[in-house]
Amino acid sequence: MIGQLQIFLHEHNQLVRMFKTTLDTMHSDDHKIIIRADKRPSGSLERQFNAPTINEVAVVIFGENVASRDIVLKRRDGGQLQRVYETHRSYDTLQYPLMFCRGEDGYHLNIKMVNPMTGEETNKNVSSMNFYAYRLMIRQDVDNHLLRYRRLFQQYCVDMYVEVETERLNFIRFNQSKLRSDEYIHLRDAIATEGDAANIGRLTILPATHIGSPRHMHEYAQDAMTYVRNYGRLDLFITFTCNPKWPEITNQLLTGQTPSDRHDITARVFKQKIVVLMNYIVKQKVFGAIRCWMYSVEWQKRGLAHAHILLWMFDKVRPDHIDSIISVEIPDPETDPELHSVVTTNMIHGPCGTQNPGSPCMQNGNCIKRFPRPFVADTISGIDGYPLYRRRSPDDNGRSIIMKVKGKDVVVDNRWIVPYLTMGYVAMFGIADPNANDEVMKFQLGRYVSCNEAIWRLFSFTIHERHPTVVHLAVHLENGQRVYFTEANAAQRAERPPATTNFF
């Protein structure tokens, strides 16, 4: 198999052919091979640019300066590895030789947008996000071979999104490395006491315009508190989780594929499901008239997305109405067999405890989710303000089922049911140091990006939605306004504070 792949690459990969052609002309091993970062893209005149000439692969003497975006390769008999930069047009081909077996060009900084009406190039460059979103698209009567590589496809998507995010963070870092921010009062006091602006303020600022940054998340948290301040506590907190067994996902899979092989499909379907669900709640008014709402999309480390939805209603949910909206009981299989199937398949916790002590929720012999819950004859308000939902026992007309747990039959009753919505459903629902001044590095440190999140972000799907819109006002305490300054003008900014906006 390896030999056949090697023969195939030697015959069809243009980079391999250029390497072989150039190496055959070398008279010694004391050389480097340079793949020029500014080489012409594929699709240009073949005889002028794509032929293996000395302009494409050059010999450079040791010690000669090489552009930072070039790829430097050394022979196996003594050379050390060199970095292949993500913005190099040959990065995709060299990193994924089987996916791009013919040596096709990947993304580079000089791809021009094309006017779809005229077919002519424009002055705007294609962003890396647009380029990779284009590559992941499903097109009628066209076989996109990238979608057939399963786990390698997942690695490719994550790798490419990290490239997109790194490009954006580098733009932030390199275009404001000398810009700093702090509260005016801190700047004034520091200048007055030390007279040195070298260690004042944030050296690298990650603004709220970067999606997912701490400032961005903080703004949305403050927006939610604005709703609470104006409309009181929220009425419903709904968790909507992606189910890889949805028929809309499984029907689009190619032969032999599983949902984990096609996160592009799961992302698209989940996005459409959220839109349909929000229209169902807001326009159909299944819970009543909605005053305001917001949701946020997050990702689990097992790859599935879920949305946290917050609803404020005109008519508050009263305790005697809770049972008509939320249930934690096994439905009647005769009157509602579809809901019974959904609940018994997806809304049962565990079972854990003595039946399954190795369950992930078990710590020190106890379930961290507090299952099984006690039976409750009627819904009541708990001491902490949260309701204790009705969970009737089998002696009180509560239902139970028998399910297999590690090969044994276990009786599951209402104590193991996770809260779910009863007023209509679209899918399934659950209720529920040295770099201290470098915000970009803090954001990147330990960042986890799953394949599903990578594809979601490559497709430019939103991770936050809300209604109505919250307008941010620049209100602050006295001398507490945010000041942006450089080391050169810090003293001047400390003398003259920026003007504040008068609201009253």
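Me: In helix 13, which residues are buried?
Reply: In this predicted model, helix 13 is mostly covered, with eight of its eight residues buried. The buried residues of helix 13 are C451, N452, E453, A454, I455, W456, R457 and L458.

Me: Which elements do the buried residues of helix 13 pack against?
Reply: Helix 13 spans 451-458 and supplies at least two residues of the largest nonpolar core. Its buried residues pack against helix 5, helix 6, helix 10, strand 8 and strand 9.

Me: Which residue just after helix 13 takes a positive phi?
Reply: Helix 13 ends at residue 458. Just after this helix, a phi of about 65 degrees is taken by S460.

Me: Of the residues in the largest nonpolar core, which touch the most other members?
Reply: The largest nonpolar core has 62 residues. The members that touch the most others are Y156, F270, I274, F287, V297 and I309.

Me: Which helix gives the largest share of this core?
Reply: At least two residues each come from helix 5 (128-135), helix 6 (151-175), strand 7 (236-241), helix 10 (263-282), strand 8 (290-299), strand 9 (305-313) and helix 13 (451-458). The largest share is eight residues, and it comes from helix 10.

Me: How many residues are in the other core that lies apart from the largest one?
Reply: This other core includes I330, V343, M347 and C367. Its residue count is 15.

Me: What does Y156 touch, not counting residues up to four places away in sequence?
Reply: Y156 is one of the residues that touch the most other members of the largest nonpolar core. Leaving out residues up to four places away in sequence, the contacts of Y156 are D92, Y96, M99, F100, Y132, R135, L136 and L146.

Me: Is D264 buried or exposed?
Reply: D264 lies in helix 10. Buried means under 20% relative accessible area. Because its relative accessibility is 0%, D264 counts as buried.

Me: With which side chain does the side chain of D264 make a polar contact?
Reply: Not counting residues up to four places away in sequence, D264 touches L136, I138, L147, F153, I455 and F459. The polar contact of the D264 side chain is at 2.9 Å, and the partner is the side chain of R262.

Me: Which residues join into one network through salt bridges that share partners?
Reply: The structure holds 15 salt bridges. R390 forms one with E329, the closest N and O atoms being 3.8 Å apart, and the side chains of R392 and E329 meet in another at 2.9 Å. Salt bridges that share partners thus give one network of E329, R390 and R392.

Me: How many residues apart in sequence are the parts that R392 and E329 tie together?
Reply: R392 lies in the loop between strand 14 and strand 15, and E329 in the loop between strand 10 and helix 11. R392 counts as partly exposed at 23% relative accessibility, whereas E329 counts as buried at 6%. The pair therefore ties together parts whose separation in sequence is 63 residues.

Me: Are D409 and K404 buried or exposed?
Reply: The side chains of D409 and K404 meet in a salt bridge, at 3.0 Å from N to O. Both residues are exposed.

Me: What is the accessible area of the nonpolar patch that M1, I2, L5 and L98 form on the surface?
Reply: L5 is found in helix 1, residues 2-12. L5 is partly exposed, with a relative accessible area of 31%. Together, M1, I2, L5 and L98 have an accessible area of about 430 Å².

Terms used: Residues are numbered from 1 along each chain as its sequence is written. This is a predicted model: local features need pLDDT of at least 70, side-chain atom pairs count only at pLDDT 80 or more; totals for chains, interfaces and linings use all residues. Side-chain values use heavy atoms; hydrogens and water are left out. A nonpolar core is a set of buried Ala, Val, Leu, Ile, Met, Phe, Trp, Tyr and Cys residues joined through side-chain atoms within 4.5 Å. Buried means under 20% relative accessible area, exposed over 50%, partly exposed in between (1.4 Å probe, protein chains only). Helices (H or I, at least four residues) and strands (E, at least two) are DSSP runs, numbered from the N terminus. Contact means heavy atoms within 4.5 Å. Patches are made of residues with over 30% relative accessible area and no salt bridge: like charges are joined within 9 Å, nonpolar side chains (Val, Leu, Ile, Met, Phe, Trp, Tyr) within 5 Å. Accessible areas come from the Shrake-Rupley method with a 1.4 Å probe; for residues, only the protein chains shown count as cover. A salt bridge is a side-chain nitrogen of Lys or Arg within 4 Å of a carboxyl oxygen of Asp or Glu. A polar contact is a pair of N or O atoms within 3.5 Å; within protein, one must be able to donate a hydrogen and the other to accept it, and residues adjacent in sequence count only if both atoms are side-chain atoms.
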